[in-house]
Amino acid sequence: MPADMPTPADLLLDVQDLCVSFRSERGTIRILENISFTVGQREILSIVGESGSGKSMTSLAVMRLITDPNAIITGRIIYKGRDLLQLDARAMRDLRGREIAMIFQDPMTAMTPVYTIGWQIEEQLRAHQKLSRRAARARAVELLGEMGIPAPAKAATRYPHQLSGGMRQRAMIAMALSCNPSLLIADEPTTALDVTVQAQILELIQRLRQDFGSSVILITHDMGVVATVSDRVMVMYSGIIAERGPKPLVLAQPSHPYTLGLLNSIPPMHGARPRRLPSIPGSPPSPTGRPAGCPFQPRCDFRFEPCGTRPPLFANGEQEASCYLAEKGLPDWPHERAIRAEGRQREGAAA
């Protein structure tokens, strides 16, 4: 067990070899392959990657929200000593919302449009905490106020479409926190929000473990968000784990070329701004068109002969990466980054 991982006494969630596949006319399509990670008490784990990397599918599997009859889910999802995949529907429904809550990516579609914000929060409180209607309404208004929503009593009477995107996101966070869950899964909570509201949402997430003692799984594609709030980082690509480890090491010394590519795409905070930001060439493969061997190799600047075989997760101290470069020692990433950035600047100037 890497040194950064929670000890068994501090462990809240332990996902082991999670695989998700779907039966189709073209055969069985594998979406997630052997995903394993842990979340400790009061810890914020960020899962990062491009769209289609499997981040949201991982969260839906943990929440047991994949209901397609053609889905095949294997592995173990251990929460407080219980395997969630072995629970019946009623036991999981009692757990969901009360112990494990989720902030969905789009609150406009996640909330019921024909019920008010207050009613939807009250419903969860009455279902899980057996409060009276009056007590549930008072608690709903209190939660909206704690989330920084002005005039919370009035906001509770509004329908989702009557609130701004930032207010809807805050209302969804209030709903998720209404039962003081031990684990909160936040799926792209800052997507499509302006930078001011993004900062406020991130501040709310950081307050969760201080005020509520919650652990958080933060799903994002924004490395700036990762740098702001995370304790540990797991990078996913095409349904597999590309890299995982403590945030300071993953961001400062990436062990996988994909992680390096994500970091290179962020504008520098200091020094001269490049004329053109480096980008990862190509696009992620579809689940039905993954290449043999390492799925990232068609887009990788550092590919070599062994990449034709699927690499396992190689441990490099507290970091792990599914890359053969991580097995024998990494190249000088900053030096390589500078060379690639300079080359792309020349290409931009020539264009």
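This is a short walk through one protein model, from the overall picture down to a few residues.

Okay, hi everyone. Keep in mind throughout that this is a predicted model. Let me start with the whole chain. We have 351 residues, and buried ones make up 50% of them. The fold has 13 helices and 12 strands. If you take contacts between residues at least 6 apart in sequence, 66% of those join residues at least 24 apart. As for the outside, the protein exposes about 16,500 Å², and carbon and sulfur atoms supply 50% of that area.

How far does the confidence go? The average pLDDT is 86, with 89% of the residues scoring at least 70. Element by element, strand β4, residues 71–79, has the highest mean, at 97, while helix α13, residues 333–350, has the lowest, at 47. Over residues 337–351 the pLDDT falls below 50, though this stretch still has 19 contacts in the model beyond near neighbours in sequence. Where pLDDT is low, the predicted coordinates should not be read in detail. So please don't lean on those 19 contacts for the stretch 337–351.

Let's go back to β4, the strand with the highest mean pLDDT, and pick out one residue. Thr74 sits in that strand. Is Thr74 buried or exposed? Neither, really: its relative accessible area is 39%, so it counts as partly exposed. Leaving aside residues up to four places away in sequence, Thr74 touches Asp17, Leu18, Cys19 and Leu85. And if you want a distance to try on screen, the C-alpha atoms of Thr74 and Ala61 are 9.9 Å apart, with their positions 13 residues apart along the chain.

Next, aromatics. How many aromatic pairs does a search of the whole structure find? It finds 5. One of them is Tyr237 with Phe296, an edge-to-face pair with 5.2 Å from centre to centre and 85° between the planes. Tyr237 is in strand β9, residues 232–237, and Phe296 is in the loop between α11 and β11, so this pair ties together parts that are 59 residues apart in sequence. Both partners are tucked away: Tyr237 is buried at 2% relative accessible area, and Phe296 is buried at 3%.

Another pair is Phe314 with Tyr324, and this one is tilted, with 5.7 Å between centres and 50° between planes. Phe314 belongs to strand β11 and Tyr324 to helix α12, residues 324–328, with 10 residues separating the two along the chain. Phe314 is buried, with a relative accessible area of 15%, and Tyr324 also counts as buried, at 15%. Coming back to Tyr237 and Phe296, they form one aromatic cluster together with Tyr258.

Last stop, the pockets. Rolling a probe the size of a water molecule over the atoms shows where empty space is left. The largest pocket holds about 520 Å³ of space. Its lining comes from 22 residues, and the ones nearest the centre are Arg96, Gly97, Gln124, His128 and Met175. Which elements each supply at least two residues of that lining? They are α2 (89–95), β6 (100–103), α4 (117–129) and α7 (165–177). Of these, α4 gives the most, with 5 residues.

So if you open the model afterwards, try Thr74 in β4, then the pair of Tyr237 and Phe296, and then α4 on the lining of the largest pocket. That's me done, thanks.

How values were computed: Residues are numbered from 1 along each chain as its sequence is written. This is a predicted model: local features need pLDDT of at least 70, side-chain atom pairs count only at pLDDT 80 or more; totals for chains, interfaces and linings use all residues. Side-chain values use heavy atoms; hydrogens and water are left out. pLDDT is the predictor's confidence in each residue, from 0 to 100. Helices (H or I, at least four residues) and strands (E, at least two) are DSSP runs, numbered from the N terminus. Contact means heavy atoms within 4.5 Å. Buried means under 20% relative accessible area, exposed over 50%, partly exposed in between (1.4 Å probe, protein chains only). Rings of Phe, Tyr and Trp (its six-membered ring) pair if their centres lie within 6.5 Å; planes under 30 degrees apart count as stacked, over 60 as edge-to-face and the rest as tilted. Accessible areas come from the Shrake-Rupley method with a 1.4 Å probe; for residues, only the protein chains shown count as cover. On a 1 Å grid over the protein atoms alone, a cavity is a set of points where a 1.4 Å probe fits but cannot get out, and a pocket is an open set with protein on both sides within 12 Å along at least five of seven lines; lining residues have an atom within 4 Å of a point. Grid points are joined across faces, edges and corners, and a volume is the space filled by probe spheres set on the points.
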